[in-house]
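User: I am new to this structure. Please take me through it in short questions and answers.

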Amino acid sequence: MPKSLGDLVKGRKTVIAKPEDSVLAVAKRLKAANVGAAPVLKNGELVGIFTERDLLKRVVAAAKNAAKTPVSKVMTKSPVTAMPTHRVLEGLELMRQHHCRHLPLIDGGKLVGIVSQRD
């Protein structure tokens, strides 16, 4: 069993979005990778996260054009993060406390990966 959150993401590729990417383009990348969230990076820095919930609430239910809406307009800004050295149970507790399903892992200001509750 993995001891840390970093162990969960070793060797795994993360779907990344840029703020100017269209919602449609990011949604297609998420579907192709069979994942539910993409960290949004600007100049290598985490500025948000785009999730299935953002797509549903802020795009579909708001009747926005996914092809023309930049992900920066509908992403969750300043998401809760963890360090790759956190234990798995610490990550689950963070998700429970903050009512989120995805947790970007940051080490030295850089994105290492992302874990979800299903991990």
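The turns below cover the model, its sheet, a helix, some charged pairs and two loops.

User: What kind of model is this, and how are residues numbered?

Analyst: This is a predicted model, where local features need pLDDT of at least 70, side-chain atom pairs count only at pLDDT 80 or more, and totals for chains, interfaces and linings use all residues. Side-chain values use heavy atoms, with hydrogens and water left out, and residues are numbered from 1 along each chain as its sequence is written.

User: In what order do the strands of the open sheet of three strands stand?

Analyst: Strands are DSSP runs of E with at least two residues, and helices are runs of H or I with at least four; both are numbered from the N terminus. Two strands pair if DSSP finds at least two bridges between them. Here the pairing is antiparallel, and the order is S1-S2-S3.

User: Which strands stand at the edges?

Analyst: An edge strand here has a single partner strand, so one side of it is left without a neighbour in the sheet. That holds for strand S1 (37-42) and strand S3 (76-77).

User: How many bridges join S1 and S2?

Analyst: Strand S2 covers residues 45-51. Leu 41 stands opposite Leu 46 in S2, and Ala 38 has Phe 50 as its bridge partner. The antiparallel pairing of S1 and S2 runs over six bridges.

User: How many bridges join S2 and S3?

Analyst: This pairing is also antiparallel. Gly 48 stands opposite Lys 77 in S3. The number of bridges between S2 and S3 is two.

User: How many of the seven residues of S2 are buried?

Analyst: Buried means under 20% relative accessible area, exposed over 50%, and partly exposed in between (1.4 Å probe, protein chains only). S2 is mostly covered. Its buried residues number five.

User: Which residue in the hairpin of S1 and S2 takes a positive phi?

Analyst: Most residues other than glycine have a negative phi. The hairpin has two residues between the strands. One residue in that loop is exposed, at 77% relative accessibility, and has a phi near 55 degrees. It is Asn 43.

User: On which side of helix H4 do its buried residues lie, the same or opposite sides?

Analyst: In H4 (residues 88-98), the buried residues are Val 88, Gly 91, Leu 94 and Met 95. They cover an arc of only 120 degrees around the axis, taken from the directions from the helix axis to the C-beta atoms. Leu 89 and Arg 96 are exposed on the other side. The arc therefore puts the buried residues on the same side of H4.

User: What covers the buried residues of H4?

Analyst: Contact means heavy atoms within 4.5 Å. The cover includes one helix and two strands. They are helix H1 (5-9), strand S4 (102-107) and strand S5 (110-116).

User: Which residue just after H4 takes a positive phi?

Analyst: The residue is in the loop between H4 and S4. It is exposed, with a relative accessible area of 67%. Its phi is about 55 degrees although it is not a glycine. The residue is His 99.

User: How many salt bridges does the structure hold?

Analyst: A salt bridge is a side-chain nitrogen of Lys or Arg within 4 Å of a carboxyl oxygen of Asp or Glu. One of them joins Asp 7 and Lys 10 (3.3 Å, N to O). Asp 7 is partly exposed at 31%, while Lys 10 is exposed at 64%. The total is five.

User: How far apart along helix H3 are Asp 54 and Arg 58?

Analyst: These two form a salt bridge, with the closest N and O atoms 3.1 Å apart. Asp 54 is buried at 4%, whereas Arg 58 is partly exposed at 35%. Being four residues apart in H3 (residues 52-60), they are separated by about one helical turn.

User: Which residue forms a salt bridge with Asp 21?

Analyst: Asp 21 is found in the loop between H1 and helix H2 (23-33), and it is buried, with a relative accessible area of 15%. Its contacts beyond neighbours within four places in sequence are Val 26, Arg 29, Thr 69, Pro 70 and Val 71. In the salt bridge, the closest N and O atoms are 2.9 Å apart. The partner is Arg 29.
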